Amino acid sequence: MSDSRPHLQDHSIETLRERFAEQGVAPYRAEQVAGWLYARGVDESAAMTDLPGDLRAWLDRSWRLRALAWDAIERSADGTRKGRLRAQDGALVESVLIPEGERTTLCISTQVGCPLACSFCATGALGFKRNLRAAEILDQVCRMREALAPGERITNVVFMGMGEPLLNLPAVIESVRVLLHPKAFALGPRRITVSTAGVVPRIGALLDAVPVNLAVSLHASTDALRDRLVPLNRRFPLSVLLGALRAHASVTARRPVFFEYTLMDGVNDGVEDARRLARLLRGLPSKVNLIPMNPHEDSEERPSPPEVVERFAAELARHDLTVTVRRPRGSDIAAACGQLAARARTVRPGSESTCSTP
Ligand code: SAH
């Protein structure tokens, strides 16, 4: 039976206050419900014990409190967990929990498939199905909390799963507001990163709306190569992309941009590439994340050998760039960067549990 109630998780707490007021409910109830739903992980109105009975009944009648159901979960030998979650229309979305020392980062998706068709990305090979709604973005956080180990909590959220966040900007902004809100997930702005392949006209809109970290997927230091790897470059070439970044107030205030650079064997991993990259980024506050290509069946590209990765990193460091080499995480369960494709279907039994307390 289809459910026509609106999704409560589609709205920031600020908007929810207005919606509640329009229906004659005191606006502060929005914070209260958000506290249950997001801070405490309770999505059954019956369990929201400090709400009066008539308000609980109104919540049940008027709103949906979850948007995704479990389809499957896979666990990597390195502690990474990949959740495959099902939307009401059957669309599958993947999210990945990545423990790294004191941190546990959750990587979430913003679209079903992706229209950008980057040559080395498995999501791109799927094509584009649809945007996720804000509720479906946020419910990935609620559902994936159920996969946490005892005592573990989500410390960082990265919008680096399936899809291009800036092509679904209103839903991304609304979900970020809930991640930041002190009564909801209460994450600090430095703990949220939104990644883009370079949808230039929307970068300012994102950074002006919410104080998140910006990551930009670069992968090449010439337009000729980037046109091939990231076809979006044909619309927004390197000079336009980097020019827009240099001009933005957050960058002039010395807030660094994170650049992702996937190293592919013999494609973009030479010392010349590193030198050109350093020249391109000169004077731009930046941190470079090098990601050895995660191979998959939709791409011919192979990871650069470790010594080539080292040489590339050393060359960037020699030009005073801050560089990190990302170790592949969860590659045994196809959960690493660029491997998310939500294809296989295995059903996890007993999967309709509620959000667990973080
Ligand atoms: N569309 C956004 C969000 C996706 S983030 C963006 O492009 O930034 C996922 C990151 O993984 C991007 O930097 C993407 O280019 C990179 N990636 C894609 N396929 C990969 C692969 N096979 N190996 C390593 N990184 C990959």
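**Contacts around the ligand in a predicted model**

In this predicted model, a polar side-chain atom of Thr 262 lies 3.1 Å from a nitrogen atom of the ligand.

Q: Why is the pair formed by Thr 262 and the ligand called a polar contact?
A: A polar contact is a pair of N or O atoms within 3.5 Å. The polar side-chain atom of Thr 262 is 3.1 Å from a ligand nitrogen atom, so the pair meets the cut-off.

Q: What makes the pair of His 219 and the ligand a polar contact?
A: A polar side-chain atom of His 219 lies 2.6 Å from an oxygen atom of the ligand. The limit is 3.5 Å, and therefore this pair also qualifies.

Q: Which part of Asn 294 lies 2.9 Å from a nitrogen atom of the ligand, backbone or side chain?
A: The atom concerned is a backbone N or O atom of Asn 294. Its distance of 2.9 Å is within 3.5 Å, so this is a polar contact.

Q: How much of the ligand's accessible area does the protein cover?
A: On its own the ligand has 540 Å² of accessible area, and the protein covers 95% of it. The space taken by the ligand is the largest cavity.

Q: How do the residues of the shell around the ligand divide?
A: There are 8 nonpolar, 10 polar and 2 charged residues. Strand E8 (192-196) and strand E10 (257-263) each supply at least two residues of this shell.

Q: Why does the radius of gyration of the protein agree with that of a compact globule?
A: For 358 residues, a compact globule would have a radius of gyration near 21 Å; the protein has 21 Å, so the two agree.

Technical notes:
Residues are numbered from 1 along each chain as its sequence is written. This is a predicted model: local features need pLDDT of at least 70, side-chain atom pairs count only at pLDDT 80 or more; totals for chains, interfaces and linings use all residues. Side-chain values use heavy atoms; hydrogens and water are left out. A polar contact is a pair of N or O atoms within 3.5 Å; within protein, one must be able to donate a hydrogen and the other to accept it, and residues adjacent in sequence count only if both atoms are side-chain atoms. Accessible areas come from the Shrake-Rupley method with a 1.4 Å probe; for residues, only the protein chains shown count as cover. On a 1 Å grid over the protein atoms alone, a cavity is a set of points where a 1.4 Å probe fits but cannot get out, and a pocket is an open set with protein on both sides within 12 Å along at least five of seven lines; lining residues have an atom within 4 Å of a point. A molecule sits in a cavity or pocket if more than half of its atoms lie within 2 Å of its grid points. Helices (H or I, at least four residues) and strands (E, at least two) are DSSP runs, numbered from the N terminus. Ala, Val, Leu, Ile, Met, Phe, Trp, Tyr, Cys and Pro count as nonpolar, Asp, Glu, Lys and Arg as charged, and the others, Gly among them, as polar. The radius of gyration is taken over C-alpha atoms; the globule rule is 2.2 Å times the number of residues to the power 0.38.
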